[in-house]
Amino acid sequence: MTEHPMRPFILAGVDGSPAASRAVTWAAAEAHSRGVALLLATVIDIGTEYSPYAGVTEELYGRMQEDARNALAAAEQQVVEQFPAVPTSVVVKSGPPAAGLITLSRDALLTVVGATGRGRFSSILLGTVALALVTSDSCPVAVIRGVGEDDVVPQTGPVVLGIDGTKGSDAAIRWAFDEASRRATTLTAVHTWTDRTTATARVYAPQTGKDYDAADAEHSEILAERLAGWQEKYPDVTVRRVMTPGEAADTLLTHARGAQLVVVGSRGHGDATGVVFGSVSRMLIHHSPCPVLVARNRPATASRSHGD
């Protein structure tokens with residue numbers, strides 16, 4: 001085992017659970033695509049509010065360390081077999097799992113965790129830990145979700161992008177285009193806004209002086225402005241634009257069916273959209289049928305760049 005990562009690197013959380021194994025495979029593929037290293041990390045949850053092992057003996061703690069290192073060794077072997085060209089290193093920490101991963105993630109290009117699962121020695125992949133990572137101010141976070149009883153992670157389908165009307169979505173746009181390009185797939189750009197207008201109100205709009213068509217056109221301009229320039233930087237990516245009034249999380253979950261990745265910003269509130277992306281990302285990491293990447297304003301590429 002190599003004990004310290006090269007830079008740049010992608011961080012993957014490990015706890016020996018099936019969810020962690022799927023996250024490691026996804027993270028290794030991402031590291032291979034970007035030509036960066038992979039850091040496999042686990043945090044032994046001992047003596048914390050999350051842990052059932054508070055006050056354990058030194059002997060039991062030694063066993064937990066051994067289990068942690070065995071899980072890391074298995075994960076490292078998994079990477080070697082699937083992506084032998086990816087440089088891999090490992091680290092074991094003790095303490096609150098979320099805090100440990102957040103600390104490690106500050107130097108990472110991307111942090112990858114499973115959405116659910118618990119290993120023998122850690123609760124590192126519990127949904128609460130994934131949520132803590134998503135809401136922290138560290139690097140972008142990918143939460144690996146799947147479909148079906150075995151949580152099969154989709155490998156085909158478009159990349160889905162959620163866009164609000166602010167600069168806060170720039171990081172998500174950058175990541176989404178880059179992911180779609182690397183995966184040689186299409187990009188579905190989704191822009192929603194809160195509209196409580198009834199169908200009846202629209203029918204009688206001319207009599208009331210309301211111009212709903214103008215409002216719809218305004219949102220079309222918002223989407224066009226947010227995407228401006230990105231298709232020139234990524235000419236290989238075909239973009240499908242979706243504009244619809246409604247709840248952002250519900251709309252994105254609908255388009256996530258059949259997708260291989262959903263990308264959203266970490267926070268931000270578009271005045272024109274009424275979308276608070278912090279709440280949207282929370283909903284997605286609990287219910288999406290595919291992986292969710294919550295982006296922040298940090299570079300999306302390491303081995304190649306299309307510019308800003």
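Let us begin with E179, which counts as buried at 1% relative accessibility. The model before you is a predicted one, and every value I quote is computed from it.

The side chain of E179 meets that of R183 in a salt bridge, with an N to O distance of 2.9 Å. Both residues belong to helix 5, and because they are four residues apart there, about one helical turn separates them. How exposed is R183? R183 has a relative accessible area of 24%, so this residue is classed as partly exposed. The pair thus joins a buried glutamate to a partly exposed arginine.

I turn now to a second pair that involves helix 5. The side chains of R34 and D178 form a salt bridge, again given as N to O, at 2.9 Å. Which parts of the chain does this pair tie together? R34 lies in helix 1, whereas D178 lies in helix 5, residues 170-183, so the contact links parts that are 144 residues apart in sequence. Both R34 and D178 are buried.

These two pairs belong to a wider arrangement. A network of salt bridges links E30, R34, D178, E179, R182 and R183. In general, side chains of opposite charge can pair when their charged atoms come close.

Let me remain with helix 5 for one further residue. R174 is also found in helix 5. With a relative accessible area of 17%, R174 is buried, because the cut-off for that class is under 20%. The C-alpha atom of R174 is separated by 7.8 Å from that of W230, although the two residues are 56 apart along the chain.

I come next to the other pair that I wish to present, which involves helix 1. Here the side chains of D151 and R22 meet in a salt bridge, at 3.6 Å from N to O. D151 sits in the loop between strand 5 (141-144) and strand 6 (159-163), and R22 sits in helix 1, residues 18-34, so this pair ties together parts that are 129 residues apart in sequence. Are these two residues buried or exposed? D151 has a relative accessibility of 25% and counts as partly exposed. R22 is likewise partly exposed, at 26%.

How many salt bridges does the structure hold? There are eight, among them the bridges of E179 with R183, of R34 with D178, and of D151 with R22.

To close, I return to helix 1 and helix 5, which the pair R34 and D178 ties together, with both of its residues buried.

Note on methods. Residues are numbered from 1 along each chain as its sequence is written. This is a predicted model: local features need pLDDT of at least 70, side-chain atom pairs count only at pLDDT 80 or more; totals for chains, interfaces and linings use all residues. Side-chain values use heavy atoms; hydrogens and water are left out. A salt bridge is a side-chain nitrogen of Lys or Arg within 4 Å of a carboxyl oxygen of Asp or Glu. Helices (H or I, at least four residues) and strands (E, at least two) are DSSP runs, numbered from the N terminus. Buried means under 20% relative accessible area, exposed over 50%, partly exposed in between (1.4 Å probe, protein chains only).
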